Amino acid sequence: MKVLSLLVTCTTAFPVVAEQELPPFTEAVLPMGNDVYAVSIGPGGPDEEFSSDATNGGLYKLTPDGVTEEIKLSDGQGLRNPTGMVRSGNQIVIVDGNEVISTASDGTVNWRQALDDDGVFLYDIEALDDDTLLVSDFGRGAFLSVAAQTGQIQPHLGDSRISGLARFAIAETGIYAVSWGSDDAWDSALYWVPHSGNGDTAVAVSTGFGNLESVEVVNGTVVVGGYRGHEKYPNAKLLRVETDGSVDPLSVGSHSRGISDILFNEWSIWLTYFYDASYAELPSQTVKSLDQ
């Protein structure tokens, strides 16, 4: 069964899936054990926070019994604009404006590294391997590598640039990345960038989206999420992209005001609804059937 039909039907096949509440303007969630961690840019939302140096952002832990706890970082510096995070060993690594921060789940900071170059705004972070993390720089449209143990930041993939680079997903042969675009045009796109780093440029796989923010590869299928869908499907917040660039709207998530992050961890698909202050986990039964 294809991803499209499964995702379209999973809300009726598995009605027990419930959306869980989050702090306002949560950008991403990260399941760890029985808990779910979340990063929020703060109560002011994007209009205030993305241009602010105030430490109004936060790291939160959501327990199975419904308790939400803010995790204070041990170095006392707080968070400003945290938009992405990833698990690295027993650490949570967060991107926050021009900084990358490694912290234990209780808030004990392992390291905090800043990149002070003009225009830097770090947006998403994924694990390339056990030793290296990959980061997208929204401000300059570039990829950066980060040493998992020390936080050392270096350029990655040479001169490859994607204007409005937001989130990305790492596949075996390359990286799928999405661009944000303008708020009144269908100019967001899905790109593919090879791992080679030999001066290869990003290739547009599919265009015509409105304010894409997230992308994930689910059992070999590329799924993207955003706020204004596609010019052919303006109400769809979650869409599947075929290898030929064609687009199919998916019903899951499209009831929301937008999807800021998609996470697939082999057991579940996690969708973060930014403006709705909630997230949903698609059940493991659905995920296991995606490749059938």
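How many bridges join β14 to strand β15? This tour of a predicted model begins with that pair and proceeds to a pocket, a hairpin and a single serine.

**First stop: the open sheet**

Select strand β15, residues 174–179, together with β14; 4 bridges join the two strands, which run antiparallel. To examine one position in this pairing, display alanine 169, which stands opposite tyrosine 176 in β15. Then extend the selection to the whole open sheet, whose 4 strands follow the order β14-β15-β16-β17 with antiparallel pairing. The edges are occupied by β14 (165–170) and β17 (203–209); each has a single partner strand, so one side of each is left without a neighbour in the sheet. From one strand to the next, the twist averages 20°.

**Second stop: the largest pocket**

Display the largest pocket next, which has a volume of about 800 Å³. Its lining comprises 30 residues, and those closest to its centre are Glu126, Glu216, Leu263, Phe264 and Asn265. Colour the elements that give two or more residues to this lining: β2 (26–32), β3 (35–40), β6 (82–88), β10 (122–127), β14, β18 (212–218) and β22 (259–264). Strand β14, an edge strand of the open sheet, is thus encountered again, as one of these contributing elements. Which strand gives the most to the lining of the largest pocket? Select β2, which provides 5 residues.

**Third stop: a hairpin**

Move to strand β4 (residues 58–62) and strand β5 (residues 68–71), an antiparallel pair joined by 4 bridges. Within this pair, tyrosine 60 has glutamate 70 in β5 as its bridge partner. The two strands form a hairpin with 5 residues between them. In the turn, select glycine 66 and inspect its backbone: phi is positive, at about 90°.

**Final stop: serine 102**

Select serine 102, which is located in strand β8 (residues 99–104). Is serine 102 buried or exposed? Its relative accessibility is 1%, and because buried means under 20%, serine 102 counts as buried. Show the side chain of glutamine 91 as well: a polar contact of 3.1 Å links this side chain to that of serine 102. To complete the view, display the residues in contact with serine 102, leaving aside its neighbours within four places in sequence: Gln91, Ile92, Val93, Thr108, Val109, Asn110 and Trp111. Gln91 therefore deserves a label in this view, since the polar contact described above is made by its side chain.

How values were computed: Residues are numbered from 1 along each chain as its sequence is written. This is a predicted model: local features need pLDDT of at least 70, side-chain atom pairs count only at pLDDT 80 or more; totals for chains, interfaces and linings use all residues. Side-chain values use heavy atoms; hydrogens and water are left out. Buried means under 20% relative accessible area, exposed over 50%, partly exposed in between (1.4 Å probe, protein chains only). A polar contact is a pair of N or O atoms within 3.5 Å; within protein, one must be able to donate a hydrogen and the other to accept it, and residues adjacent in sequence count only if both atoms are side-chain atoms. Contact means heavy atoms within 4.5 Å. Two strands pair if DSSP finds at least two bridges between them. Axes are lines fitted to C-alpha atoms, for helices over the stretch in contact, and angles run from 0 to 180 degrees between N-to-C directions. On a 1 Å grid over the protein atoms alone, a cavity is a set of points where a 1.4 Å probe fits but cannot get out, and a pocket is an open set with protein on both sides within 12 Å along at least five of seven lines; lining residues have an atom within 4 Å of a point. Grid points are joined across faces, edges and corners, and a volume is the space filled by probe spheres set on the points.
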